[in-house]
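Student: I am new to this structure and would like a close look at one small part of it. Could you walk me through it step by step?

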Amino acid sequence: MSLPPLRAALSCLLLLAAACGNAAAGPSDAVAESPSTSAPGTVIHTPAEPVEDVGQGPATPTPTDTQTSVETPTAEAPTTGTPVVSAPAPTASVCSPLSALSSLTGNLTTWLLTAPIAAANSGGFKEPGGTELAAFEGAFRTLLTEGPTARVVQDLAGMGYGVSTFRNDTGGGWLVVREQGLLSRGGGTFIINLFPARDLWLEAPHADSDEGTLRQTATQLVTLGARALLITGSNRCAVTTASPCSGTTSVCGTKGLRISDVAHYGNNFFTAAHRALRDTYPDAIAASIHGMDAGTGPEAAVVSDGTGALRPGALSNRLRDALNTHLTGTKKAFSCNAADDAGKHRTLCGTSNVQGRIDNGAADACYTEAAAATDRFIHLEQSATLRGTGASSRAVMQALADTVPCTLGGSGLGCQAVAALDCP
């Protein structure tokens, strides 16, 4: 299957950019890019054993290293060397627009573990205004449909975001959209796959507090060949300002949601990027990846379509079945949309998740639960074991691969890649 014309053109441009030599050559495990002055917060522990009814918090969060202008892997990441910083060299016009961007090379999965996330109680989340959110959504949509034109790169820069290319050491090409400058607003990091294999994108709204989900989604992005990955830029407890959206949680030590929780508040760049992806890819599946404290319950995972509606043919039920095919041990996956599933954590259905409400057509994503599901959104709560690095974690990867087929032309687990080597 061939890629859509625009995506094929971007893919070809990426290959041509490499041929034109737009970045200085370096060691195979190095990252080359123009300097970044991002100043992420440092992740600290959130309250242990939270009790909530809108998505479980971590059992034992793990601190993340502070990122500097020279980015190094976190302790849990594979060692792939220290990134080397350099500016792109001038290129021929045939390499534009991709060749005009700074270029990063290395291990994308490892590099994403350095994504800046404002710490809990740091005050590091700054809410954008409505006009700016609309502008960001429009610019991100243009980036998806037209590529990194000079205008869209300039527009994103005006909102504090830089755009780079990334050439993964295992192959593939990516666009990286991340905050730049000294004054981070906790806006998030967003990755776009130029060679997707599946009509799927991944979201990590609690990337630091739900321990393991940042590494997990970064690995899934590359291995599955997903369209994109959205990573929160702030801990859900980064600020004390209460979210007006419906739902409750005790994760932050007090009952109620906060505006720094991107899964439960919509005025942020994370949700704007989600809206742009949904507008551009109306049939794609968005998977929101979370963690729960499974405790003594029978669940290894709780899957939902963003509603509590009982639907035998729901996509969430198919993912549950795929998970149970690959899981070992006594704990199994449960679905919020299956009448015969009733475990201890059965209420963790993501019905107050803002992105899920958007995809399911809620009248107001902040205040109103969706009345029905579209099968375009998956909410996945997981035990710590599934968020680890062993066989159970691989079971989640395989279950997603089984549930979302290879319908695009890129490379991914179980997909027959079709390389687009000629430009239209």
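Student: In which loop is aspartate 375 found?

Tutor: Happy to help! Please keep in mind that this is a predicted model. Aspartate 375 lies in the loop that runs between α8 (354–359) and β10 (377–382). Its backbone is worth a look: aspartate 375 has a positive phi of about 60°, although it is not a glycine. Most residues other than glycine have a negative phi. Now consider the surroundings of this residue. Aspartate 375 has a relative accessibility of 16%, and because buried means under 20%, it counts as buried.

A second residue makes a nice companion to this one. Asparagine 121 also is not a glycine and has a positive phi of about 60°. You will find asparagine 121 in the loop between α2 (108–112) and α3 (130–146). Here the relative accessibility is 54%, and because exposed means over 50%, asparagine 121 counts as exposed. So aspartate 375 counts as buried, whereas asparagine 121 counts as exposed.

To place these loops in the whole, step back to the full chain. The protein has nine helices and 10 strands, and 58% of its 424 residues count as buried; aspartate 375 counts as buried too. Among contacts with a separation of 6 or more, 74% are accounted for by residues 24 or more positions apart. Finally, the accessible surface of the protein comes to about 15500 Å², and 57% of that belongs to carbon and sulfur atoms.

Conventions
Residues numbered from 1 in each chain as written. Predicted model: local features only at pLDDT ≥ 70, side-chain atom pairs only at ≥ 80, totals over all residues. Heavy atoms only, no water. Helix = DSSP H or I, 4+ residues; strand = E, 2+ residues; numbered from the N terminus. Buried < 20%, exposed > 50% of the residue type's maximum accessible area, 1.4 Å probe, protein only. Contact = heavy atoms within 4.5 Å. Areas by Shrake-Rupley, 256 points an atom, 1.4 Å probe, with all protein chains shown as cover.
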